[in-house]
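Work through the exercises below with the sequence and the structure open. Each task is followed by a solution in steps.

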Protein chains: 2
Amino acid sequence: MCSMGRKRPNEDDGKRRATMTRVAEELGVSAMTVSNAYNRPERLSAALRERIFETARRLEYPGPNPLGQSLRSGRVGALGVIYDNLLSYAFEDQAAVSFLRGVSAAAEAEGLGLTLVPGSPRGERDATAIGRTLVDGFVVYSVADGDPVLEAALERGLPAVTVDQPRVEGVSFVGIDDEAAARAAAEHLIELGHRRYGVVSFGLSPDWRVGIADEERQRSASYRVSRSRLEGFAAALAAGGVSWSEVPVYECPSSSKALGRDAAEVVLSRVPRPTAVLATSDELAQGVMEAARERGLSVPNDLSVVGFDDVPEAAIATPPLTTVRQDHVEKGALAGRLLVARLREKETEDTYLLPTGLVVRGSTGPPPRTP
Amino acid sequence: MCSMGRKRPNEDDGKRRATMTRVAEELGVSAMTVSNAYNRPERLSAALRERIFETARRLEYPGPNPLGQSLRSGRVGALGVIYDNLLSYAFEDQAAVSFLRGVSAAAEAEGLGLTLVPGSPRGERDATAIGRTLVDGFVVYSVADGDPVLEAALERGLPAVTVDQPRVEGVSFVGIDDEAAARAAAEHLIELGHRRYGVVSFGLSPDWRVGIADEERQRSASYRVSRSRLEGFAAALAAGGVSWSEVPVYECPSSSKALGRDAAEVVLSRVPRPTAVLATSDELAQGVMEAARERGLSVPNDLSVVGFDDVPEAAIATPPLTTVRQDHVEKGALAGRLLVARLREKETEDTYLLPTGLVVRGSTGPPPRTP
DNA sequence: CTGAAAGCGCTTACAG
DNA sequence: CTGAAAGCGCTTACAG
């Protein structure tokens with residue numbers, strides 16, 4: 001049906017795609033003159049330039065091949081983003097989408113593209129693509145400490161910035177104070193008077209474990225963000241006189257409503273039932289609210305739920321979700337700007353912490369009188 | 001502060017980044033042996049291979065530079081996506097996000113990356129980046145007929161697929177039957193008994209015009225999707241005995257809640273007031289509902305609203321939005337798979353139309369008794 | 001099991 | 001205003 005489908009570039013009646021040299025030969029000029037026609041018009045008579053373009057059109061020469069240009073210049077013109085999971089999951093995660101929006105804006109402002117490196121499922125690391133990706137530098141987003149994907153990225157020797165996790169010596173870091181932000185969330189519940197808690201967290205380490213995580217597992221978590229948030233929760237509860245060792249921490253393999261729902265089924269089955277659940281993401285928190293609804297529990301009358309991120313959906317959830325706000329767009333934009341600065345061989349700081357704030361909405365309230 | 005920030009690749013005590021040749025020289029072997037150490041281990045004794053890796057480590061050689069590999073092989077390892085606006089807007093548009101999710105999944109399944117080409121604001125076309133982007137082919141998404149950005153993409157001579165718009169001779173197309181889908185939406189309102197309509201549409205042509213679009217402007221719209229949907233609305237209303245020429249069609253420069261709200265303020269000020277509004281996207285429709293709420297109008301009692309796309313938010317809007325469903329993820333995945341097929345020099349069809357369906361929810365009902 | 005040569009497509013000094 | 005040469009970093013036949 002379609003003509004382009006038939007044109008095999010390397011087999012088309014022996015006519016391989018035209019090259020700059022071929023155009024030059026055809027006209028009896030040098031290749032550099034053709035190059036100048038495209039890149040430095042002022043070094044050329046207008047007439048010759050026009051003749052060159054005519055010949056290019058006739059030979060179907062598509063203009064200078066950017067691969068040649070890049071090899072020569074050493075510059076690709078794109079920032080790379082490495083995500084800790086399959087790429088397609090990044091687009092399901094509102095926090096990641098906002099983050100990518102920020103990075104893309106920063107790249108775009110410099111005329112750079114954004115290249116999303118093909119990922120691999122959690123628990124099945126594949127770093128081969130990283131060595132083959134054509135970019136000028138990497139934003140490494142949300143990767144576990146010691147992940148082979150991280151090693152591969154750093155080994156490329158390109159400028160890099162890590163975001164949220166991990167922190168790597170000598171590589172600029174953008175994130176928030178996860179411990180303090182989590183602490184504020186838990187303090188809010190302590191102040192409301194809650195004494196019985198449950199926690200629903202996304203993965204602690206990339207081994208895809210599901211279920212209650214004991215304190216040893218919490219301490220050894222290789223996702224820094226998870227580790228820090230649990231530390232923040234624990235600190236606030238301990239300060240409020242609640243024994244952390246009795247708080248069930250349910251670990252989900254990733255962050256989604258469905259997984260939050262599953263987790264809540266376990267956590268809410270505890271006897272006596274928790275009156276408050278702290279989640280490490282809004283997605284998980286929404287799943288917890290769903291599970292509560294299914295059990296006929298009212299949020300916040302029977303159960304208080306706190307999320308993390310303040311994604312757009314949090315404000316329109318039923319009830320609106322109390323959560324920790326962070327600016328994912330700005331996080332991405334800052335990471336992008338820092339990477340650009342590195343490309344320009346400017347110095348950057350080691351650590352950039354963005355502000356967070358607790359947003360109290362309708363999903364939290366005092367614990368029920370009759371437990 | 002940071003060591004990496006200090007390392008200037010071209011100036012670091014005269015030590016430029018090591019190359020394959022340098023590693024080879026250091027060991028007294030040929031460059032191709034070093035190449036084989038990385039790419040064809042079986043052609044090498046294990047011992048020599050290890051010696052090569054040791055030397056590489058010592059010289060801080062990061063492994064074969066993919067730019068060299070790509071120039072040699074002619075393959076980049078990434079699919080490019082061209083969007084009709086600034087990239088950062090794509091991440092705000094739920095339909096686009098779902099679409100990108102599909103494309104990324106298709107790319108990832110083949111080990112390919114996804115490169116988002118830096119865009120330019122609507123009404124200010126800049127195609128220069130397209131000539132410089134390193135990709136193996138383009139998915140051209142939602143671009144107006146004759147857009148210079150489209151020309152630039154096609155001139156690269158790489159495989160390409162267009163999505164939604166435009167349709168280009170000889171280039172595979174993925175989309176829906178926009179006319180039929182829009183017709184179904186309008187027929188639903190006709191069947192409910194509505195006689196007075198308003199339409200809120202995203203841009204008709206990329207010249208950033210805002211306000212009521214007359215029939216001449218509608219016919220000459222260079223965004224095919226807008227043109228087709230208006231045709232569908234018009235056909236259904238005409239068949240229902242409603243005069244299209246009396247229906248105000250408000251054109252927004254782009255698709256967002258805020259713009260839908262602005263549009264609705266004009267459309268709902270008409271005397272007599274429309275009892276039903278057809279929007280060309282869910283974003284716009286949500287803005288219309290917002291404007292109605294602000295005027296104290298009840299949806300659907302005073303005003304029926306129909307959207308288009310069935311983005312995730314549509315189902316949880318208040319009231320839940322009646323809309324035309326289409327599968328944006330599958331649209332992206334199909335486009336990605338087709339582009340991959342083209343890279344593999346397989347034939348593809350000219351046109352792929354995905355199914356649509358009207359989803360009737362709470363935002364539509366019979367017109368009010370007392371107008 | 002290893003190598004010398006050619007070439008992927010381009011542009012930057014350096015000349016004239 | 002235009003050119004010859006060198007080189008960006010790599011890998012594929014082809015030999016041995």
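**Exercise 1. The sheet of chain A**

Task: Find how E7(A) is joined to strand E8 (residues 249-251) of chain A, then place both in their sheet.

Solution. Begin with the pair itself: 2 bridges join E7(A) to E8(A), and the two strands run antiparallel. Within this pairing, A:Ile212 stands opposite A:Tyr250 of E8(A). The model is a predicted one.

Next, widen the view to the sheet. It is open and consists of 5 strands of chain A in the order E7-E8-E6-E9-E10, with mixed pairing. Its edge strands are E7 (211-212) and E10 (304-306), each of which pairs on one side only.

Last, look at what packs on the sheet. Helix H10 (residues 178-192) of chain A touches strand E9 (276-279) and E10 of chain A, and the direction of H10 makes about 165° with that of E10(A).

**Exercise 2. The relation between the chains**

Task: Which rotation and shift superpose chain A on chain B, and which residue of chain A comes closest to the rotation axis?

Solution. Start from the general case: two copies of a chain are related by a rotation about an axis and a shift along it. Here the rotation is 180° and the shift along the axis is 0.0 Å, with an RMSD of 0.0 Å. That is the relation of a two-fold axis. Of the residues of chain A, A:Thr115 comes closest to this axis, with its C-alpha at 2.1 Å. The two copies use the same surface, as 100% of the contact residues of chain A recur in chain B.

**Exercise 3. The contact between chains A and B**

Task: How many residues of each chain are in contact, and which element of chain A gives the most?

Solution. Count the residues: 58 of chain A are in contact with 58 of chain B. Then list the elements of chain A that each supply at least two residues to this side, among them helix H1 (3-6), helix H6 (87-90), helix H7 (94-109) and helix H8 (128-132). H7(A) gives the most, with 7 residues. By class, the side of chain A that touches chain B has 26 nonpolar, 18 polar and 14 charged residues.

Strands also meet across the two chains: 3 bridges join E2(A) to strand E2 (residues 113-116) of chain B, and these strands run antiparallel. The bridge partner of A:Leu114 in E2(B) is B:Leu116.

**Exercise 4. A:Leu112**

Task: Is A:Leu112 buried or exposed?

Solution. First locate the residue: A:Leu112 is in the loop between H7 and E2 of chain A. Now apply the cut-off, by which a residue is buried if 20 or more other C-beta atoms lie within 10 Å of its own. A:Leu112 counts as buried because it has 25 C-beta neighbours inside 10 Å.

Then check its contacts beyond four places in sequence: these are A:Gly77, A:Ala78, A:Leu79, A:Ala107 and, from the other chain, B:Pro118. A:Gly77 is 35 residues away in sequence, yet its C-alpha is 5.0 Å from that of A:Leu112.

**Exercise 5. The DNA strands**

Task: Which residues come nearest to DNA strand C, and which to DNA strand D?

Solution. Of the 23 residues around strand C, the nearest are A:Met20, A:Ser35, A:Asn65, A:Gly68 and B:Thr33. Helices H3 (31-39) and H5 (66-73) of chain A and of chain B are the elements that give two or more residues to this surface. By class, the surface near strand C has 10 nonpolar, 9 polar and 4 charged residues.

For strand D, 22 residues lie around it, and A:Thr33, B:Met20, B:Ser35, B:Asn65 and B:Gly68 come nearest. H3 and H5 of both chains again give two or more residues. The classes here are 10 nonpolar, 9 polar and 3 charged.

Key: Residues are numbered from 1 along each chain as its sequence is written. Chains are lettered from A and ligands numbered from 1 in the order in which they are written. This is a predicted model: local features need pLDDT of at least 70, side-chain atom pairs count only at pLDDT 80 or more; totals for chains, interfaces and linings use all residues. A residue is near a molecule or strand if its C-beta atom, placed from the backbone, lies within 6 Å of it. Helices (H or I, at least four residues) and strands (E, at least two) are DSSP runs, numbered from the N terminus. Ala, Val, Leu, Ile, Met, Phe, Trp, Tyr, Cys and Pro count as nonpolar, Asp, Glu, Lys and Arg as charged, and the others, Gly among them, as polar. Two residues are in contact if their C-beta atoms, placed from the backbone, lie within 7 Å. Two strands pair if DSSP finds at least two bridges between them. A residue is buried if 20 or more other C-beta atoms lie within 10 Å of its own, exposed if 12 or fewer, and partly exposed in between; C-beta atoms are placed from the backbone. Axes are lines fitted to C-alpha atoms, for helices over the stretch in contact, and angles run from 0 to 180 degrees between N-to-C directions. Copies are superposed by least squares on the C-alpha atoms of residues with pLDDT of at least 70 in both.
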